[in-house]
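Trainee: I would like to learn how to read a protein model feature by feature, beginning with the way strands and helices follow one another. Could you take me through one slowly?

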Amino acid sequence: MIIGNWKMNTPRSDALALANAVVEMKYLESTRVGICPPALWIDSITRIVKGSSILIGAQDCVGDKFGAQTGCINANMVHEAGCSMVILGHSERRTRFAETTEKLLHTIAAVLETGMFPVFCVGETKKQRESGKAFDVVAGQLRPLLTSGLDLGGIVIAYEPVWAIGTGLSATRKDIEEMHAIVREVINRDDTLVLYGGSVSPVSAADIFNAEGVSGALVGGASLSANKFAAIVAAWERR
Ligand code: PEP
């Protein structure tokens, strides 16, 4: 599974052009490809990808069904707009909005209830890695899922070391293999997809995709170029 996270990029005309280019991409039926545009463009992009197998995702949502929550968009709304997944717990949201796994359980449940799947992000900071706490931090971010009673079969996990996001410095194959093994040990399910995210590019992709335990990628910056995104998808299929 290769997912593009466009973040707060792409003004409308760029977003529609990029979506049209992604639809033209050739990839195998066995590869699941998705894009997460800014929320305002989801409705239009859903229409562009109609008839293709491109999945559309939201970059966030809230778990409540309605209410006085100015500026918020809930899981039912993004589902109704055509999404089949929602990124949750991205480090940029954990940092800016103090999101934690505990606080997100309600949202994960709401996303699952609609039939969409969450792409749930975990990852340590540079300081946490340097102080030898990376494994504990990531395991700690996952553990609340285990006691939540949620059906973990529907959840995709993305391991995204914070220090690798947008820095051009992806984690080494060894770092990725070690952490993916920890993620899989904690989640303890054979069927969970565990993506890697953090400076995945056409150059770094081949090595990352050969790492044991990697089920694909969550791609930020490189997903803003249809050519680079296509090259990453191709690297996945060549691995
Ligand atoms: C991300 O923000 O999810 C991400 C992986 O970004 P980038 O690929 O730009 O590092």
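Mentor: Let us begin with one unit, in which E3, H3 and E4 make a right-handed β-α-β arrangement. Please keep in mind throughout that this is a predicted model.

Trainee: How many bridges does the pairing of strand E3 with E4 rest on, and is it parallel or antiparallel?

Mentor: Strand E3, which covers residues 55-58, pairs with E4 in the parallel sense, and the pairing is made over two bridges. You can follow it residue by residue, since glycine 57 stands opposite methionine 85 in E4, while alanine 58 stands opposite valine 86.

Trainee: Which residue of E5 is the bridge partner of methionine 85?

Mentor: That partner is phenylalanine 117. E4 and E5 run parallel and are joined by four bridges.

Trainee: How should I read the two sides of a strand such as E4?

Mentor: The general idea is that side chains in a regular strand alternate between the two faces of the sheet. In strand E4 (residues 85-88), Met85 and Ile87 lie on one side and Val86 and Leu88 on the other, and all four are buried, so that both faces are covered. Strand E7 (residues 194-197) can be read in this way too, with Val194 and Tyr196 on one side, Leu195 and Gly197 on the other, and all of them buried.

Trainee: What does E7 pair with?

Mentor: E6 and E7 run parallel and are joined by three bridges, and alanine 158 has leucine 195 of E7 as its bridge partner. Between these strands the chain passes from E6 through H8 to E7, in a β-α-β crossover that is right-handed. E7 also pairs in the parallel sense with strand E8 (residues 217-219), over two bridges, and here glycine 197 has leucine 218 of E8 as its partner.

Trainee: What do the strands build when they are taken together, and how many are there?

Mentor: Eight strands form a closed barrel in the order E1-E2-E3-E4-E5-E6-E7-E8, with parallel pairing. From one strand to the next the twist averages 25°. Two of the helices can be placed against these strands: helix H10 (residues 226-238) packs on the sheet, where H10 touches E1, E2 and E8 and makes about 160° with the direction of E1, while helix H2 (residues 42-49) lies across E2 and E3 and runs at about 170° to E3.

Trainee: How do I judge whether a helix such as H5 has the length I should expect?

Mentor: You compare the distance between its end C-alpha atoms with the span expected at 1.5 Å a residue; for the 14 residues of H5 that span is 20 Å, and the ends are 20 Å apart, so the two agree. Agreement in length does not rule out a bend, however, and H5 bends by about 25° at threonine 107. Several of its residues are buried, among them Leu104, Leu105, Ile108 and Val111, and the elements covering the buried residues of H5 include H3, E4, H4, E5 and H7. Just after H5 comes glycine 115, which has a positive phi near 100°.

Trainee: Where does the kink in H7 lie?

Mentor: It lies at glycine 140, shortly before proline 144, and amounts to about 25°. Helix H7 has 13 residues, and its 19 Å from first to last C-alpha is close to the expected 18 Å. Its buried residues include Val137, Val138, Leu142 and Leu145, and their cover includes helix H4, helix H5, strand E5 and helix H8.

Trainee: Is phenylalanine 209 buried or exposed?

Mentor: Phenylalanine 209, in helix H9, has a relative accessible area of 3%, and because that is under the 20% cut-off, the residue counts as buried. Leaving out residues up to four places away in sequence, phenylalanine 209 touches Ile2, Ile232, Trp236 and Arg239, among others. The last of these shows how distance along the chain differs from distance in space, for phenylalanine 209 and arginine 239 are 30 residues apart in sequence and 6.2 Å apart from C-alpha to C-alpha.

Trainee: And how does asparagine 76 read?

Mentor: Asparagine 76, in helix H3, has 34% relative accessibility and so counts as partly exposed. Apart from neighbours within four places in sequence, asparagine 76 is in contact with Lys65 and Thr114.

Terms used:
Residues numbered from 1 in each chain as written. Predicted model: local features only at pLDDT ≥ 70, side-chain atom pairs only at ≥ 80, totals over all residues. Heavy atoms only, no water. Expected span 1.5 Å × (residues − 1). Bend = angle between axes of the 7 residues up to and from the residue. Buried < 20%, exposed > 50% of the residue type's maximum accessible area, 1.4 Å probe, protein only. Contact = heavy atoms within 4.5 Å. Pairing = 2+ DSSP bridges. Right-handed = clockwise from strand over helix to strand, strands pointing away. Axes fitted to C-alpha atoms, helices over the stretch in contact; angles between N-to-C directions.
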